Every structure is written in C-alpha cells, then in structure tokens.
Amino acid sequence: MSRAAAAPFPPDRRGVVASAGATRGGGAARAVTRTLSDDPLGGTVRRTVLPSGLRVLTEAIPAMRSVSFGIWVAVGSRDETGPQSGAAHFLEHLLFKGTRKRSALEISSAIEAVGGETNAFTTKEYTCYYARVLDEDLPLAIDVMCDLVADSVLDPADVETERGVILEEIAMHDDEPGDEVHDLFARAVYGDHPLGRLISGTEQTVTPMTRRQIQSFYRRRYVAPQIVIAAAGNLDHAAVVKLVRQALRGTPLDTDPASPAPHRPATPAVRTKLPTTLVEPKETEQAHVILGSPGIDRTDGRRFALGVLNNVLGGGMSSRLFQEIRERRGLAYSVYSYASQYADTGLFAVYAGCAPGKVDEVLELTRAELARVAADGLTEAEVARGKGMSKGSFVLGLEDTGSRMSRLAKGELLYGDLMPVDELLTRVDAVTVDDVNTLAAELLSRPMSLAVVGPFGEHDFAAR
C-alpha cells in the first residue's frame, strides 16, 4: 500500500542528537535521536530514526536484568487481497525457517542456548517478531531477530512444510468454537472486507499460495519505513541503535534514505454491513454467542470513556453482566464485554458461553442490560470504579519488559506518538459520568449483529 511521506518524527518533547551514518547507496546520512520521556513510572525513552526510515525506540530500565526486543511491521491481514488471504501469517511462519546466515535450527538454538525465548504473532494491522533474553545477551538477540526479519530465504521446501503446519492450525482453530465465534462476528459486521476475514486465511487460500506470491508480499511490504524496532529493559539506547545498524547492514532493509511511513490513516471509515445474524451449526456441548455492533476507532478521543464503560458493563467479576448472568442466575460460565479498535473502525460486543438451552435467556438478559445502560446510564460510583480499573490494569500491565516494549512499538506504529504514563492516567481521570453515558447512549442503542456457534438448526434468535 503506497503512503505519502510524513515528517520523520512527532513534535519534540526533549532534545535532539544527530549522528552520522552511511547508506548502502553511498554518501552521508544522519540518524536523528530524541529523548521522548524520563517517566517516573518507568525509564528513559529514546527514539532514533535511521536514514532508511526505520525507527528504533528503547526504554532503559536499569533495575531489570532482562531485555525484550521486538521488530514490528505495519503489515497485517487487512493488507491482503482476497486471493492473498493468509499471506502475512504464512510469512510470519516462514521467517523462522532460515536465512543466508542461519538455518531454522540455528535460529532457535542460538536464543534457547542462553535461556531466551522467541515468538511472533500476526494481527489484522501489524506483525511482531520478538525475543526476551538476559541483558548481557541482547547483542545476540538483535543479530538473530534482525537477520530473520530482513534476510529470510523462503526456501521452497520450507514453504511446503509450513503450508501443512498452517493447514493444521486452521483445522485446530475450527475445533475451538469459543475462538471461531469471534471470527464469525467479525464477518457479520465487516463482511468480505479484509477485517472480516481470518488472519490465518482459509484452506482455499493457503493451499494454492505459491512461494513466489509470498516472496513478493515479503519484499513489497517488509520495507524499512514500515518497521519499528522496540526494546525495553537494562540497555543503552546508543548501543542498541549501533547493533541494529550492524545487523541490517547489507540486507534488503539497508536502503537509501526515506521517511518513516505515517501510521495507518483513520479515513475513509470502513463500511460495515447492515445488522445480521450468522449461525454456525456445530455439535458442541456449549453454545457461544456474541452480540454487538461497530464501535469507535483507536484514535477517537472517547476511547478512555469506552474503556470505563467496558469495565463496568462486562469487564470483570463486579461488572453488571457478570453479576446478572453468572452470579445471580448461573446461566453462563463466561460472560464479558470487549472493544476492538482499528485505525478507522472498531467493535463493541458481548460474549457469552452457555448451555444451548439457555441461549435465549442469556440473549434476552444481555439485550435488556444494554438497553438499560443506553437509556439510564451508569452511576457516579460505577464510573469511579471503572476508572480505577482502567488505571490499575494499565499500570500493573507495565511491570514486565515485554509489555513496556509493546507499549513503545504500538505508540509509534499505531498512534505516531507515545503518550506518557502520567498523561494517560490524567486522561482517564478526566472522564466524566456524562462522557460515559453519552457514549453508552450512542453505542448501545445501535442495531446489533449476532454470531452463534453451537448445536442449532432452525432457531429464531431475534429479540423477543
């Protein structure tokens, strides 16, 4: 996807340090480094934009003895055409299978030999490859991870091996109705838009996919301006930048000067389908249902109010839905609400897993509670509790290097800036009862789609 060039960094909060370098094409180039924050709840955060447009962000936390290192690519399943469905996920598998320098065994054994761990995941809007190691082994992790992301060979034999693995993964997913219902709900809302498709692709798209198609996707999409490298733990920023540049030298990511790609634009908004009901008949012991509607995108200023609303409605054991459906009536083992947010759209929904014979009652109670909150709103005490949950879960979630590394990368990749912890907590504190209730009245009164997986043939799931 072609994007217009953007400024190489967000507005400055701190000083600027420029360092000279050289590009593959020759001539001087400069990497620009900025200190973004000295967070009292964390460490010093710095950001360097390399001449190629690749960005490196670190958070130095001297009290830690480990480092989490991640390479994030602004490419996910929504960047695929229909016939390409599953290409991003297929590629994620293949990059661990070998480079010009290392075999698959050498990649895994290098990190495991020092007690580290590596993994990767693909989402609808980005892909991440990461390693967690002792601080003294960070140079090894940087060299291995940069090598596999930048210089994979995609051997034809490995393509066939991983094709079989992925087809097994798809089959395994089909055997998990609790997961399948989420994909069914996305299809109910987004239809054939890429956001409505499976991240893994399907048997029909993965089986005929060729090595040439995957290679083309790799080289067109995995380009330096689309990549953010993030690391958190006991580290030195300048040393990390130097090691990254050394690891990428001579690879396809060692390119001529370019500006970083801007974060994915929020407009035009994705068109959603008219509310519908999709049922996947399956002989399961438990029925799985999701009821919901389009929500708000991730840059919407109301996202903090949405977090509070979600906490109170179905975000924990004290939530309205959990108390009403599970605690008081014992109708479901699991019931919760959730919000999914993308660059230009979002979802807000309620999930429940219950005995098939109790589905109608669960849906009736869920619809009634949503209508009640839409009409009457939440109380001041509930909003205060929801705000406390938001702040607590955020801060507690920053107590390991992996979550801090993810925060750096997502701030850069998805928002184009990193909101300091104190500012985020202030934004949550600023949410008012009116903010939450106005949003609830809008979201929860929308016509809703329903996805159901369970032992149902002809069954009327309409509101009674």
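Hi everyone, this is a short walk through one sheet, the helices beside it, and two single residues. Please keep in mind that we are looking at a predicted model.

Let's begin with the sheet. Five strands make up an open sheet, in the order β9-β13-β10-β12-β11, and the pairing is mixed. Which strands stand at the edges? Those are β9, residues 277-281, and β11, residues 332-341; each has a single partner strand, so one side of each is left without a neighbour in the sheet. From one strand to the next, the twist averages 10°.

Now look inside the sheet. Strand β10, residues 287-294, runs antiparallel to strand β12, residues 346-354, and eight bridges join the two. If you'd like one pair to find on screen, take Pro294, whose bridge partner in β12 is Leu347.

Next, the helices. Helix α5, residues 177-190, packs on this sheet and touches β9, β10, β11, β12 and β13, the last being residues 449-454. The direction of α5 makes about 150° with that of β13. Helix α9, residues 303-314, lies across β11 and β12, and runs at about 175° to β11.

Finally, our two residues. Leu154 sits in the loop between α3 (138-150) and α4 (156-174). What is its phi like? Leu154 has a positive phi of about 50°, although it is not a glycine. Leu154 is also buried, with a relative accessible area of 2%.

The other one is Ser37, in strand β2, residues 28-38. Is Ser37 buried or exposed? Ser37 is buried, because its relative accessible area is 12%, and the cut-off for buried is under 20%. Setting aside neighbours within four places in sequence, Ser37 is in contact with Gly43, Thr44 and Val45.

Definitions and conventions
Residues numbered from 1 in each chain as written. Predicted model: local features only at pLDDT ≥ 70, side-chain atom pairs only at ≥ 80, totals over all residues. Heavy atoms only, no water. Helix = DSSP H or I, 4+ residues; strand = E, 2+ residues; numbered from the N terminus. Buried < 20%, exposed > 50% of the residue type's maximum accessible area, 1.4 Å probe, protein only. Contact = heavy atoms within 4.5 Å. Pairing = 2+ DSSP bridges. Axes fitted to C-alpha atoms, helices over the stretch in contact; angles between N-to-C directions.
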